[in-house]
Amino acid sequence: MADWELRPASAADVEAIAELRAVVLRGDLERLGRYDARRVRQRLRDGFEPAYTWVIEVGGAFAGCVALRPDADARCHWLEHFYVGAQHQGRGVGSGVLGELLERCDQDGVRVVRLNVLQGSPARRLYERHGFVVETEDAVDVFMVRVPSA
């Protein structure tokens, strides 16, 4: 298992995160016939909110990112932009980060966490292991929700 740390993101991180997003999502987006090299990066730039985003570092180097954004009325949080570089996948980084964020949600009284994952993405198994279940789905996305047990 790799040692990892989270640090708050800054505006200066946007391009590294946009590039990682393009690399990580490429295979799934191509399989779904939805890959556009410019659009995949621009969508990240357009929705990037450093206040809700963390950079994942392994050995002090950029390894990924994750965002946890409250919805408009703060009744739930959205897990977004969760990308881990290929060289760090399968080493416990994603599971460790997700577990820590969900533990923070539980401690802060956040009852519901939602996310969406691309159809056929192997990341879905990670989310299911952490208690997410399918809420709805369409041809491209699977929308999942986690409500902690009482």
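This report describes the pockets, aromatic contacts, cysteines and a few single residues of one structure. The model is a predicted one, and the values below were computed from it.

## The largest pocket

The largest pocket has a volume of about 1,200 Å³. Its lining is made up of 40 residues, and those closest to the centre of the pocket are Leu25, Phe82, Tyr83, Val117 and Tyr127. Six elements each give two or more residues to this lining, namely the helices α1 (14-31), α2 (37-47), α3 (93-107) and α4 (123-129) together with the strands β4 (76-84) and β5 (112-118). Of these contributions, the largest share comes from β4, which supplies seven residues. Sorted by class, the lining of the largest pocket holds 20 nonpolar, nine polar and 11 charged residues.

## Aromatic contacts

Two of the residues closest to the pocket centre, Phe82 and Tyr127, also take part in the aromatic contacts of the model. A pair of aromatic rings is described by how far apart the centres are and by the angle between the planes. The structure holds two aromatic pairs, and they are set out in the table.

| Aromatic pair | Distance between centres | Angle between planes | Arrangement |
|---|---|---|---|
| Phe82 and Tyr127 | 6.5 Å | 45 degrees | tilted |
| Tyr127 and Phe132 | 5.9 Å | 70 degrees | edge-to-face |

Phenylalanine 82 belongs to strand β4 and tyrosine 127 to helix α4, so their pair ties together parts of the chain that are 45 residues apart in sequence. Tyrosine 127 takes part in the pair with phenylalanine 82 and also in the pair with phenylalanine 132, and Phe82, Tyr127 and Phe132 form one aromatic cluster. How do the members of this cluster stand with respect to the surface? Phenylalanine 82 counts as buried because its relative accessibility is 14%, tyrosine 127 counts as buried at 7%, and phenylalanine 132 is buried with a relative accessible area of 2%.

Another ring contact involves a charge: the charged end of arginine 104 sits over the ring of tryptophan 54, at 5.5 Å from the centre of that ring.

## The cavity

Apart from the open pocket, the model can be searched for enclosed space. Rolling a probe the size of a water molecule over the atoms shows where empty space is left. The structure holds one cavity of 30 Å³ or more, and the volume of the largest cavity is about 30 Å³. The residues that line the largest cavity are Gly47, Phe48, Glu49, Tyr52, Thr53, Ala67, Arg69, Glu80 and His81. At least two residues of this lining come from each of β3 (61-70) and β4. The classes of the lining residues are three nonpolar, three polar and three charged.

One of the residues that line the largest cavity, His81, has a further feature of its own. Histidine 81 lies in strand β4 and has a positive phi of about 45 degrees, although it is not a glycine. With a relative accessibility of 18%, histidine 81 counts as buried.

## Cysteines

The count of disulfides in this model comes to zero. Cysteine 76 is in no disulfide, and the nearest cysteine sulfur, which belongs to cysteine 105, is 9.9 Å away. Why is there no bond between cysteine 105 and cysteine 76? The sulfur of cysteine 105 has its closest cysteine sulfur in cysteine 76, and because the distance between them is 9.9 Å, they are too far apart for a bond. As for their surroundings, cysteine 76 is buried, with a relative accessible area of 3%, and cysteine 105 counts as buried at 2% relative accessibility.

## Two arginines in loops

Arginine 34 is placed in the loop between α1 and α2, and at 41% relative accessibility this residue counts as partly exposed. Along the chain, arginine 34 and leucine 118 are 84 residues apart, while their C-alpha atoms are separated by 11 Å.

Arginine 111, for its part, is placed in the loop between α3 and β5, and its relative accessibility of 42% means that it counts as partly exposed. The C-alpha atom of arginine 111 is separated by 8.2 Å from that of arginine 146, a residue 35 positions away along the chain.

Terms used: Residues numbered from 1 in each chain as written. Predicted model: local features only at pLDDT ≥ 70, side-chain atom pairs only at ≥ 80, totals over all residues. Heavy atoms only, no water. 1 Å grid on protein atoms, 1.4 Å probe; cavity = no way out; pocket = protein on both sides within 12 Å on 5 of 7 lines; lining within 4 Å. Points joined across faces, edges and corners; volume = space filled by probe spheres on them. Helix = DSSP H or I, 4+ residues; strand = E, 2+ residues; numbered from the N terminus. Nonpolar A, V, L, I, M, F, W, Y, C, P; charged D, E, K, R; others polar. Disulfide = S-S within 2.5 Å. Buried < 20%, exposed > 50% of the residue type's maximum accessible area, 1.4 Å probe, protein only. Phe/Tyr/Trp six-rings, centres within 6.5 Å; stacked < 30°, edge-to-face > 60°. Lys NZ or Arg CZ within 6 Å of the ring centre and 35° of its normal.
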